[in-house]
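Trainee: Before I use any of the labels attached to this model, I would like to go through them with you and hear what stands behind each one.

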Protein chains: 2
Amino acid sequence: MRMATIEQRLAEYLELTKKMKSYEEALGVLYWDMRTGAPRKGLETRAEVIGVLSTELFKLSTSDRMGELLAALTEPAAFESLSRLHRRSVTESKKDYDRSKKIPPEMYQKYVVLASQAESVWEEAKPNNDFATFRPYLEQVVDYQKQFIELWGYGENKYDTLLDAYEPGMTVTKLDAVFGALRETLVPLVAAIAAKPALDTAFMNRKVPTEQQRAFSEFILKEIGYDFAAGRLDPTTHPFATGLNPGDVRVTTRYIEDDVKNSLFSTIHEGGHALYEQNVSPALIGTNLCTGTSMGIHESQSRLWENMIGRSRPFWERYYGDFQRIVPAFADVPMEDFYRAVNEVKPSLIRTEADELTYNLHIMIRYELEKRLMNDELQVADLPEAWNAMYKEYLGIEPPNDELGVLQDVHWSGGGFGYFPSYSLGNMYAAQMMDAMRAALPTFDADVAAGRFDPIKAWLTEKIYTHGKLLTPSEVIRNVAGAELDPTYLTTYLEAKYKEIYAL
Amino acid sequence: MRMATIEQRLAEYLELTKKMKSYEEALGVLYWDMRTGAPRKGLETRAEVIGVLSTELFKLSTSDRMGELLAALTEPAAFESLSRLHRRSVTESKKDYDRSKKIPPEMYQKYVVLASQAESVWEEAKPNNDFATFRPYLEQVVDYQKQFIELWGYGENKYDTLLDAYEPGMTVTKLDAVFGALRETLVPLVAAIAAKPALDTAFMNRKVPTEQQRAFSEFILKEIGYDFAAGRLDPTTHPFATGLNPGDVRVTTRYIEDDVKNSLFSTIHEGGHALYEQNVSPALIGTNLCTGTSMGIHESQSRLWENMIGRSRPFWERYYGDFQRIVPAFADVPMEDFYRAVNEVKPSLIRTEADELTYNLHIMIRYELEKRLMNDELQVADLPEAWNAMYKEYLGIEPPNDELGVLQDVHWSGGGFGYFPSYSLGNMYAAQMMDAMRAALPTFDADVAAGRFDPIKAWLTEKIYTHGKLLTPSEVIRNVAGAELDPTYLTTYLEAKYKEIYAL
């Protein structure tokens, strides 16, 4: 065994990661199927199938052989001899391996069961507005997260360890700075808009048959460059995109008869995620680098396409005619009224329904609360009160109950602490990328207004998509913008856009 | 290891078969997905995923540990101590294990590659009417089949070994007898019908929009008792049914605008397969017995529902009004004309388009040819000539070319020798089952004419469906009819039905 050459070990390592990738892809199809129409009565057995494949995948990823191969390949001399792709692949695998190995299997097993129970309890507690029943489960989930942090280790701030799982390299220090700057602009801007008379957006609730919504969704996906030969569009309750491999990246959307905006922007949002995954370099297929590099960078692409392109005036100058053609109910609504309506700003209680501007405030509230929980500055029992106080402070409104407050999101019940910041990071990355893209493509606005997305997609592919996980999030933003993450691009963009719309 | 008790070994064996069943179910979802709309560009990578899971499944099924467990559990004392379910499960596994182990892995690997190539070559050769190019591939496939027969061993006739894979216990001796009896009735009956003036069935080609065909397919599946909470209906090029588990049994159908009959009877046919799989006892879930017991018995259920119920006069007395309501293009067609049209008999060249009567002759031709090939009484080179001669003899017509002749079916290219008889066995089983059911349910015709399928489904479930693979095919027919397979039920049924329709 000791006699194996680096080449042999590398080959074995690549074979092993490819096998893992195959299990991931099979699981991806099973999850997609469950969410797009797998019959209810088969789900119990299907859950066992998923259990069998997941267990096998976990065994492969934490196997002794994987440990030996990674140890050998990360020895300095061996590591130096590897190609850039293989160095990055091994580094990622080593990080995952170490993280997985630091949690005792029995402990992890108990945690998985708890998280699954907690999610079920949350599902019932939410409509019943019953935080008290959910509380002991959430307390245990938080307790496990804290234990994981101790086992994984941490630097300056305990919460950094959780952030790193979704946005490698992100820290509380960096986030406090960027969120602080963002908040300073947003809170007064939102307040100024709230003081203006509300827009008349009643026409947005006109009934639009599902078939028309589906037709426009399909049309607009094709327009922005989504490849239907490498994907498909289906309806689901909660829209999502899933990259099974670059040749099979599926999106879903939600059709609500009296809320056409919902499918419209869900479709473009998921389409943005999908453009990223469809355009990862074929050279990365079968490796652990064949996907988006982080949740934040991924979200930058959904937000860039949904908000910065999809809610822009040039975009609707080009597509409003098509929209009216496919959706006759809007025949008498002027383009400018529609443009303003899809950009309406209104402080609201529910994150998923928030506008482009206030969305970031919803995220900051969750970020602050998670940070305090993980640093023992806040107890789960005091969470509802803290939540409500922050909504009052950041958005000027207060939830009348916990269903519309602390119980609204699924994330915490499943242990997804550290995930929320990705959404706002996405907005910040996107604004900074847009600035760089405008500099590189001087005809950007004219291109959008003409429905010419090829140069835009080509630029994003070259700078971001093709690299998959070959670049870290921080390398991606430096590759795009020549600088680290800077929140001023987002504030500048939002101020300019909304001061114009609301004539401030 | 030697100290393990029977209970421990049984538990380990059941755990192992359950794991295999999970892999099969995952593969089932992947195949279903590939055939119902997986994007083209992702298929290459998906094929590798399927390869990884199939290899893993094959390894599990032929593992040394599986061999040890089966050896221990089939020792007489141990075997006797097992429950009926576990005895049957172990017996089935042992049979599969022995069959798999008898073929050297390298040989099997080469064969899999050849069969895949042969299928690709066939796909091109068929539309080009080019038997010459396909011939060397088919020769090799036949040669492998003969080698497998030698390795697996055989009794009276070499072909028995192939038959047994699809219809356990079936032999050339039995088939020659039942097919002989069937042929004696069918050939003159078909000739007598051919001598009568043709029916006017032009209205069957009226255009029916896909949406109406889909609506009626869904309606009729619900009526016959297909449970949509345990299944779904999708469109495909080649209709099929797949039982992933009893709570997830999916059917597909094919919509052709100017051939409504196609979706109509494909849907009921696949619905029959699905009723079988949906009603296997929950006690069998996770075991190797949780599926239909053989291809022939499975086909009996698709044929029973499609032909003996779905093409019967009482059925259309009940449903023709619904059909006309959903499909207005048939508003002026009298029920009786429609009934005769869906039962039109016409000797034709293509098996998949054949009517209920001539279908069996298409099968017998293939059976005779396969039998001769495997017993060295016919060479692949002489196959087209032999094919054409038999069509002349059995059906009175001759294919003008090989596309409409020997090249029409996919089966042989993929090595599916021994499969064809299942279709006619299904017809014979079905007629015999119908006879028993009519005796047990004296109101059978009235029930069908009233759309009361509950008693019919309940009887079939009790006698057939619930047992899954717990009973052998021969046990099933004895459980249903108290006798072995008897072809006279089919000939009696066909004679009565078609003499009435054609006034012979």
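Trainee: What makes S2(B) and S3(B) a hairpin, and how many residues lie between them?

Mentor: Keep in mind throughout that this is a predicted model. S2(B) and S3(B) form a hairpin with two residues between them, and the two strands run antiparallel, joined by four bridges. Pairing requires at least two bridges, and the four found between S2(B) and S3(B) satisfy that. One place to look is Asn245(B), which stands opposite Asp248(B) in S3(B).

Trainee: How do you know that S1(B) pairs with S3(B), and in which sense?

Mentor: S1(B) and S3(B), the latter covering residues 248-253, are joined over three bridges in the parallel sense. Against the requirement of at least two bridges, these three are enough to call S1(B) and S3(B) paired. Asp234(B) stands opposite Thr252(B) in S3(B), and the bridge partner of Pro235(B) is Thr253(B).

Trainee: Why are S1 and S2 of chain B said to stand at the edges of the sheet?

Mentor: The three strands form an open sheet in the order S1-S3-S2 in chain B, with mixed pairing. S1 (233-235) and S2 of chain B each have a single partner strand, so one side of each is left without a neighbour in the sheet. Neighbouring strands of this sheet are turned by 25 degrees against each other on average, direction ignored. Helix H11 (residues 260-278) of chain B packs on the sheet, where it touches S2 and S3 of chain B, and its direction makes about 170 degrees with that of S3(B).

Trainee: Why is S3(B) described as largely enclosed?

Mentor: A residue counts as buried if 20 or more other C-beta atoms lie within 10 Å of its own. Six of the six residues of S3(B) are buried, and the strand is therefore largely enclosed by the rest of the structure. Both faces are covered, since buried residues are found on one side at Asp248(B), Arg250(B) and Thr252(B) and on the other at Val249(B), Val251(B) and Thr253(B).

Trainee: Which helices pack on the sheet of chain A?

Mentor: In chain A, too, there is an open sheet of three strands in the order S1-S3-S2, with mixed pairing. Helix H1 (residues 6-36) of chain A packs on that sheet, touching S1, S2 and S3 of chain A, and its direction makes about 145 degrees with that of S2(A). Helix H11 (residues 260-278) of chain A lies across S2 and S3 of chain A, running at about 170 degrees to S3(A).

Trainee: What makes the radius of gyration of chain A agree with that of a compact globule?

Mentor: A compact globule of 504 residues would have a radius of gyration near 23 Å, and chain A has 23 Å, which is why the two are said to agree. Along its principal axes the C-alpha trace of chain A spans about 75 × 50 × 50 Å, and buried residues make up 41% of the chain. The secondary structure of chain A comes to 21 helices and three strands.

Trainee: What describes the packing of H15(A) and H16(A)?

Mentor: H15(A) and H16(A) pack at an angle of about 145 degrees, with their axes 10 Å apart, and their crossing is right-handed. Among the residues that meet are Leu361(A), Met364(A) and Glu368(A) in H15(A) and Trp387(A), Met390(A) and Tyr394(A) in H16(A). The residues of this contact divide into 11 nonpolar, no polar and one charged.

Trainee: Why is Asp376(A) called exposed, and where is Asp376(A) found?

Mentor: Asp376(A) is found in the loop between H15 (359-374) and H16 (383-395) of chain A. The cut-off for an exposed residue is 12 or fewer other C-beta atoms within 10 Å, and Asp376(A) is exposed because it has 9. Its phi is near 55 degrees, a positive value in a residue other than glycine. Most residues other than glycine have a negative phi.

Trainee: How do you know that Ala503(A) is exposed?

Mentor: Ala503(A) has 6 other C-beta atoms within 10 Å, so by that cut-off it is exposed. Ala503(A) lies in the segment after helix H21 (488-501) of chain A, and has a positive phi of about 50 degrees although it is not a glycine.

Technical notes: Residues numbered from 1 in each chain as written. Chains lettered and ligands numbered in written order. Predicted model: local features only at pLDDT ≥ 70, side-chain atom pairs only at ≥ 80, totals over all residues. Axes fitted to C-alpha atoms, helices over the stretch in contact; angles between N-to-C directions. Contact = placed C-beta atoms within 7 Å. Rg over C-alpha atoms; globule rule 2.2 N^0.38 Å. Left-handed = near helix turned anticlockwise from the far one by under 90°. Nonpolar A, V, L, I, M, F, W, Y, C, P; charged D, E, K, R; others polar.
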